[in-house]
Every structure is written in C-alpha cells, then in structure tokens.
Amino acid sequence: MHPYVPILVLLALATAFAVGSVIMSSMVGPRRANRAKLDAYECGIDPTPQPLGGGHFPIKYYVIAMLFILFDVEIIFLIPWAIHLDAMGLFGLIEMGLFVLTVFVAYAYAWRRGGLEWD
C-alpha cells in the first residue's frame, strides 16, 4: 500500500479542488442572467430555432466526427511508436507501416466519398 499513497493523495487533492471550485463558483460567482447568456452558443452565428423534440443533425456531422476520432486514434498510436522506434526494430516498423496503410485506406475512402468536403 505504501507506493500508492502519493497517488491516493493526488487523487484526493484533485477531487477536493474540482468539488471546491464548483461550490465556490456557485457561491461567489455573479448571477446576472440575460438573454445573451441563456441563448445557445453557435460560434457567433444566431442560433436557429429547433423543434420541441430536438432537431435532426445532418449525417455529415456524424461522418466528420467519426473521421476526427479515426485520425485522433492514429496519433495516439503514432506518438509512442515514434518514441520507442529503436527498441522495436524492424518488427515495429513493419507493424506501423501496416497500421498507417490501413488508416490511409480509410482516409482515401472518406476523401473519395466526399467526407472531407465542407458544404
């Protein structure tokens, strides 16, 4: 248990800071609500009215979100590989080549289908 004490202390401090920040902001922060603060923020564009049950997002939104996740996961795997390339040798190089090839096929497919076009 002794090696885990610093981790538990750090976890307790982080939790106390997060909870304390939320409580203090609600107690000390200003409570002046106006129309601009209550409106939805859409990158400076006036929000469009939505139906009561919520609006439908275009499929393009989900395609772009999936592409973002795809390339984000690629970076998560590329950084440790780049750091430890010497230790992995030729095997690591071949495996990463296959991984990059797989991601490139997905990228080419998305590009060919028009998933990277902004309409």
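## Lining of the second largest pocket

In this predicted model, the lining of the second largest pocket comprises 7 nonpolar, 2 polar and 2 charged residues. The lining residues are Ile59, Lys60, Val63, Met66, Leu67, Leu70, Tyr109, Ala110, Arg113, Gly114 and Gly115. The space within the second largest pocket amounts to about 150 Å³.

Helix H3 provides the largest share of this lining, with 6 residues. H3 and H4 each contribute at least two residues to the lining of the pocket. Glycine 114, one of the lining residues, is positioned just after H4 and adopts a positive phi of about 85°.

## Helix H3

Helix H3 covers residues 59–83. Its 25 residues should span 36 Å at 1.5 Å a residue, and the end C-alpha atoms are 37 Å apart, so the expected and computed spans agree.

Leu67, Glu74 and Trp81 are buried in H3. Among these, Leu67 also belongs to the lining of the second largest pocket. H4 is included in what covers the buried residues of H3.

## Helix H4

Helix H4 runs over residues 85–112. For a straight helix of 28 residues, a span of 40 Å would be expected at 1.5 Å a residue, whereas the end C-alpha atoms of H4 are only 32 Å apart. H4 also bends by about 75° at phenylalanine 91.

The buried residues of H4 include Gly92, Met96, Val103 and Ala110. Ala110 is also found in the lining of the second largest pocket. The cover over the buried residues of H4 includes H3, just as H4 forms part of the cover over those of H3.

## Phenylalanine 99 and its contacts

Phenylalanine 99 is located in helix H4. Its relative accessible area is 24%, and it is therefore classed as partly exposed, since the term buried applies under 20% and exposed over 50%.

When neighbours within four places in sequence are set aside, phenylalanine 99 is in contact with Glu74 and Phe77. Of these contacts, Glu74 is a buried residue of H3. Phenylalanine 99 and leucine 78 are separated by 21 residues in sequence, and their C-alpha atoms are 9.4 Å apart in space.

Definitions and conventions: Residues numbered from 1 in each chain as written. Predicted model: local features only at pLDDT ≥ 70, side-chain atom pairs only at ≥ 80, totals over all residues. Heavy atoms only, no water. Helix = DSSP H or I, 4+ residues; strand = E, 2+ residues; numbered from the N terminus. Buried < 20%, exposed > 50% of the residue type's maximum accessible area, 1.4 Å probe, protein only. Contact = heavy atoms within 4.5 Å. Expected span 1.5 Å × (residues − 1). 1 Å grid on protein atoms, 1.4 Å probe; cavity = no way out; pocket = protein on both sides within 12 Å on 5 of 7 lines; lining within 4 Å. Points joined across faces, edges and corners; volume = space filled by probe spheres on them. Nonpolar A, V, L, I, M, F, W, Y, C, P; charged D, E, K, R; others polar. Bend = angle between axes of the 7 residues up to and from the residue.
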